[in-house]
Amino acid sequence: GLFGNRNVSETMTQNTQPLPKHIRFLFGGLSGMAATLFVQPLDLVKNRMQLSGEGGKVREHRTSFHAIAKIMRNEGFFGVYTGLSAGLLRQATYTTTRLGIYQMLFDKFTSADGTPPSFIKKALLGITAGGIGAFVGTPAEISLIRMTADGRLPVNERRNYSSVFNALHRIVREEGVLTLWRGCGPTVVRAMVVNAAQLASYSQAKQFLLSFDSFSDNIVCHFCAS
């Protein structure tokens, strides 16, 4: 009885130990990659619609549904997943980096008594994590934009990248390595703003919810905070 209770207590203590930092990085990247499997068609449609009517041409797509139908008709059912490998690499680089760095900084700036950083500090941590993540993820972002836009070009002008790695290799070979970070400045600034708002507000909402006895640090709390 006594020894059994002690073993249960020790087991519970072991189970509540924080995850290693590399596991946090891994989980962050895997969650982003899993989400990409669902949102990639929407990302492709977004890029195609933003480019529709470029250079004063007639708009190719009237609505999102029209764009999806046209893409599937012209490029096949799996046409909506064009650029998936680039989308997965983007999440593996950008999301893994930003979430991992944010959590590491969050832990570092949490006081010894467990008091989390203030909202302003959380926002600054988000800015830092977002900026670094965007810099790391820009090559995959460039590849993603090119691969999703390729199908709207005339056949003789298409790049026809076979995968994100083929895209990265050809961009470096044909245009130079610095092309991988073309447009990096605006991408980094955007990510800094987005992550300052997104990560800080999420952390603050989670902290607020945990102040109530009805919430514990579990998936329900994370969902509500999100």
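A disulfide is taken here as a pair of cysteine sulfur atoms within 2.5 Å, and by that criterion the structure holds zero disulfides. The model is a predicted one, and the points below cover its cysteines, a nonpolar surface patch and a loop residue with a positive phi.

**Cysteines**
- Cys221 is in no disulfide, since the nearest cysteine sulfur, that of Cys224, lies 7.1 Å away, whereas the cut-off for a pair is 2.5 Å.
- Cys224 is likewise in no disulfide, and its nearest cysteine sulfur is that of Cys221, at 7.1 Å.
- Cys221 counts as buried because its relative accessibility is 0%, while Cys224, with a relative accessible area of 43%, is partly exposed.

**Nonpolar surface patch**
- Leu37, Phe38, Val39 and Leu42 together form a nonpolar patch on the surface, and their combined accessible area comes to about 430 Å².
- Phe38, one of the residues of this patch, is located in helix 2, which covers residues 21–51.
- Phe38 counts as exposed because its relative accessibility is 69%, and the threshold for that class is over 50%.

**Backbone at Asn160**
- Asn160 sits in the loop that links helix 5 (119–149) and helix 6 (164–175), and its relative accessible area of 52% makes this residue exposed.
- The phi of Asn160 is positive, at about 55 degrees, although the residue is not a glycine.
- As general background, most residues other than glycine have a negative phi.

Notes
Residues numbered from 1 in each chain as written. Predicted model: local features only at pLDDT ≥ 70, side-chain atom pairs only at ≥ 80, totals over all residues. Heavy atoms only, no water. Patch = residues over 30% accessible without salt bridge, like charges linked within 9 Å, V, L, I, M, F, W, Y side chains within 5 Å. Areas by Shrake-Rupley, 256 points an atom, 1.4 Å probe, with all protein chains shown as cover. Salt bridge = Lys/Arg side-chain N within 4 Å of Asp/Glu carboxyl O. Helix = DSSP H or I, 4+ residues; strand = E, 2+ residues; numbered from the N terminus. Buried < 20%, exposed > 50% of the residue type's maximum accessible area, 1.4 Å probe, protein only.
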